[in-house]
Every structure is written in C-alpha cells, then in structure tokens.
Amino acid sequence: MGIVPFFGMIAALSALCAMPHRASLNLEANTLIVLGIETSCDETGIAIYDSERGLLGDALFSQVDIHAEYGGVIPELASRDHIRKTLPLIRQVMDESGLQAEDIDGVAYTAGPGLVGALLVGAAVGRSLGMGWNVPAIGVHHMEGHLLAPMLEPEPPTFPFVALLVSGGHTQLVQVDAIGEYSLLGESLDDAAGEAFDKVGKMLGLPYPGGPHVARLATQGNPDRFDFPRPMVNRPGLDFSFSGLKTYVRNTIAEESDADGKLDEQTRADVARAFEQAVVSTLAIKCGRALEHTGLQTLIIAGGVSANTRLREVLESTVSKVHGRLFYAQPKYCTDNGAMIAYAGCQRLLAGQQDDLQIQARPRWSLESLPPLNTVAKSA
Ligand code: KG4
Ligand code: ZN
C-alpha cells in the first residue's frame, strides 16, 4: 500500500471529521439524510439520500481504465484507488448537494460481499465519519443495495416480488417479502451471468468489462446463425450454470476461426448475439418459473446485467404472461453505485438499526442472514 495516499486519506478524514456536526441522531423526526459509500469492487460510489426528498447527490469514479490492461480487476490496485478517491468524492457530493456534516444523520457503507481490501477502505472511512460526526453508521449488504435500487425510481415496485440479481459476482433468484425478508430460490452453481459476459468479451477480444461491449456487438449479429444451449433449463429447480455455455462459445470460436486464429467481423457479432440470446432466454425461463412457483406477479431485475436491453425486452414478455410487471433501475443504478447503499442504509437506520463501533468487511455474506427491518441489527 502506498504510504503517501494513505497519509493523505488520514489527513482528509481528520478534516472531514472536524467539520461542525450533529449532537445526536433524531429518530423522532422520522426523516434521515444518509451518506452512502460503495467500494466493494472497482467503482468508488458516493451518494446522499434523504428519506423525504430522495437522492440529493451522487458521484461515481470507475476504475475501468486502471484494470483494463490486465483484462480484469486487480484487488490491490482497486484498494489503493479507493483510498485516493473516497474522501475527495465525499467532499464533492457534499459540496454539490450544498450540505455540511451537521446535515448528515447517518453513514451507510458497503460491508460485503466483495474484495476485502476494497471493502475495508469504505468501511474504515464510513465507520470513522460516523464516529467523527457522532452519527450512527451501518454496514450494508451489497446485493441488498442492488436489490433495492429500483426503489429509487419515480414508480417503485411494492412488496412482495421476485428479484433476479445479475451482477459480475452473483446470479440469484430471490423471493423478497419485505426489506430483510429474503428467500433464495436459486443461484448460479459456477460463473455469474456478468462474469460469463466478461469472459466471452475477452474471447471476442473486447475490452473489460465485456458485458456492455458484447451487448453492443450483439446488435450487429444475425440471430439465426448459431443456436447456443440454454444451460440447465431441462432440469427442475431454479439454479443456473453458465460455465458450459462459456466452453461452447470457446469451441465455436475455435471452429469458426481462420488459420491465424481470427474471426471475421460478422462471425464475432453472430457469436455475441447467440451468446446473449442463450443467457437471456435461460434467465427468462427461470424467472418465469420463479413467478409460477411463488405465485407472485412482480419481477424486479438488479445488478450490472440488468442494464442489458435485450434482457429487459424478453423479461417484459415473461411478466406479461402472468399479467405482472417488471421493474428495474435506470442504467447508472444497475451497476455499482453509492445511491443504492445510501438508500438501503437509510431504510435500516430509519428502523432503528445501526452497527456498534466495529469496522465490518465481509468478503462473503449471505443475503438470507440479514435481519428483517423490525428487529434490532445483529452485531457481527
Ligand atoms: O453490479 P455490477 O456493477 O458489479 C458487481 O457487483 O459485480 O455488475 C457488473 C457486471 C459486469 O460483469 C458487466 O459486464 C455486466 O455487469 N454488465 C452487463 C451490461 N452492463 C454491465 N452485462 C450485459 N449487458 C450489459 N449491458
Ligand atoms: Zn454490484
């Protein structure tokens, strides 16, 4: 860890903590302004959410350029950059929102799951600001943040609903009865959907992260040229597996490549199209079954892959079959961001939950272990 950025962070943290702040939390008022900090992977996301007025400000710094040359996230580089960016971004969002430390009622930071070093930066900053400003801090589950991101939209879904969480690290189908009342219906047994998009992107020579690039290339592809398998759709249950599909793509690329191992432009696009179609229809088949199994009519999709246009289109027709509705966040709140963390933390703080004085960083953390809103938060 570079010692200079570390000292810089301590100095900046001391300066922020020294700002005039609240004497105590006023839960009686039933409205809260919460600072959210997201640093679980390769994006530093900061936001301020007001339970009455909604989102007051947010900013994001993406580390994509730092990791691009390696074709994937390098954990140590991610942690170091969070050290550089977290506090300046907090200052920026507070200035842009016209808020002082004394306006902030609580701090929410991503406590997991994610890269431990990256999590530790946000956790240390969030917990320290909570102490320095004399307001509660709470460690938020990253996937709960994603799951609640559609609540930031003007027309939010109402509970209960089925959630399809599709990010770079997770593919899960969850029955959501209320905040903190989660039952896992199915999940990926190997690669997450986003991870499969990223690996196929790499095979097609696209930049990291591959998901949006594969989706863009797929729009030029012929949907009838290849028909890739839909993994695990003939088996009962709601689990997923994408590693076989990834191997199928690798083999197709090998078969279609010329003597120099190159694919022509149209074939690249056709492979991207067939892969996207296979992932999307697999997800749609399982979502349809989850709605049938739970008897619910509302489906929400969240996480980076929920930004995929084709997935949204196909799922619209899945929900229409049960006369249901599909909800998702605007694209910038599908991928990692501070707003979802500020929102999720705000709901838990409003319910009277808060952490004790420890810094929480949990690289692995089950969504189902979270407490419902009406019980006092478990300490770690
Ligand atoms: O939720 P997220 O920002 O980070 C994690 O929590 O993992 O998700 C990132 C993932 C990456 O794998 C990225 O390639 C994928 O979401 N992604 C997409 C699209 N936009 C982002 N995948 C398919 N189509 C997209 N439009
Ligand atoms: Zn995420």
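An oxygen atom of ligand 1 sits 3.0 Å from a polar backbone atom of glycine 211, and that contact is a handy place to start walking through this predicted model. Two other glycines join in through their backbones: a polar backbone atom of glycine 168 is 2.8 Å from an oxygen of ligand 1, and for glycine 194 the corresponding distance is 3.1 Å. On its own, ligand 1 would expose 560 Å², and the protein buries 87% of that. Which elements give two or more residues to the shell? They are helices H5 (142–148), H6 (193–203) and H7 (210–218). H6 supplies the largest share, with three residues.

Stepping back to the whole shell, 19 residues surround ligand 1, and the closest are Gly168, Asp198, Gly211, Gly304 and Asp336. Sorted by class, the shell has 11 polar residues, six nonpolar ones and two charged ones.

Let's stay with H6 for a moment, since a salt bridge turns up there too. Lysine 199 pairs with glutamate 195, with the closest N and O atoms 3.3 Å apart. The two are four residues apart in helix H6, so about one helical turn separates them. Are these partners buried or exposed? Neither, as it happens: lysine 199 is partly exposed at a relative accessible area of 30%, and glutamate 195 is partly exposed at 26%. The pair doesn't stand alone, either, because Asp191, Glu195, Lys199 and Lys246 are linked in a network of salt bridges.

The structure holds 15 salt bridges, and two others are worth a visit. In one, the side chains of aspartate 81 and arginine 84 meet at 2.9 Å, N to O. These two are three residues apart in helix H3 (residues 75–97), so again about one helical turn lies between them. Their surroundings contrast: aspartate 81 counts as buried at 3% relative accessibility, whereas arginine 84 is partly exposed at 42%.

The other sits in helix H9 (residues 265–294), where glutamate 265 and arginine 268 are three residues apart and separated by about one helical turn. Their side chains meet in a salt bridge of 3.1 Å, N to O. Here the acidic partner is the exposed one, with glutamate 265 at 53% relative accessibility, while arginine 268 is buried at 15%.

Now for helix H4 (residues 116–133), and a quick check on its geometry. With 18 residues at 1.5 Å a residue, H4 should span 26 Å, and its end C-alpha atoms are 25 Å apart, so expectation and model agree. Plenty of H4 is tucked away from solvent: among its buried residues are Ala118, Leu119, Val121, Gly122, Ala123, Val125 and Gly126. Arg127 and Trp133 are buried there as well.

The two sides of H4 have their own backbone quirks. Ahead of it, proline 113 lies in the loop between strand E4 (106–112) and H4, and the peptide bond leading into proline 113 from glycine 112 is cis, with omega near -15°. Just after H4, asparagine 134 takes a positive phi of about 60°. Why pause over such details? Most residues other than glycine have a negative phi, and most peptide bonds are trans.

A second cis bond brings us back toward the helices around the ligand. This one runs from tyrosine 208 to proline 209, with omega near -10°. Proline 209 belongs to the loop between H6 and H7, and both of those helices give two or more residues to the ligand shell.

Positive phi values show up in other loops too. Methionine 232, in the loop between H7 and helix H8 (243–256), has a phi near 65°. Histidine 323, in the loop between helix H10 (309–320) and strand E10 (325–328), has a phi near 55°. Which of them is buried and which is exposed? Methionine 232 is buried, with a relative accessible area of 16%, while histidine 323 counts as exposed at 69%.

One last stop is strand E7 (residues 171–178), where valine 174 has its place. At 1% relative accessibility, valine 174 counts as buried. Proline 150 is 24 residues away from valine 174 along the chain, and their C-alpha atoms are separated by 15 Å.

Conventions:
Residues numbered from 1 in each chain as written. Chains lettered and ligands numbered in written order. Predicted model: local features only at pLDDT ≥ 70, side-chain atom pairs only at ≥ 80, totals over all residues. Heavy atoms only, no water. Near = heavy atom within 4 Å. Polar contact = N/O pair within 3.5 Å; in protein donor to acceptor, adjacent residues only side chain to side chain. Areas by Shrake-Rupley, 256 points an atom, 1.4 Å probe, with all protein chains shown as cover. Nonpolar A, V, L, I, M, F, W, Y, C, P; charged D, E, K, R; others polar. Expected span 1.5 Å × (residues − 1). Buried < 20%, exposed > 50% of the residue type's maximum accessible area, 1.4 Å probe, protein only. Salt bridge = Lys/Arg side-chain N within 4 Å of Asp/Glu carboxyl O.
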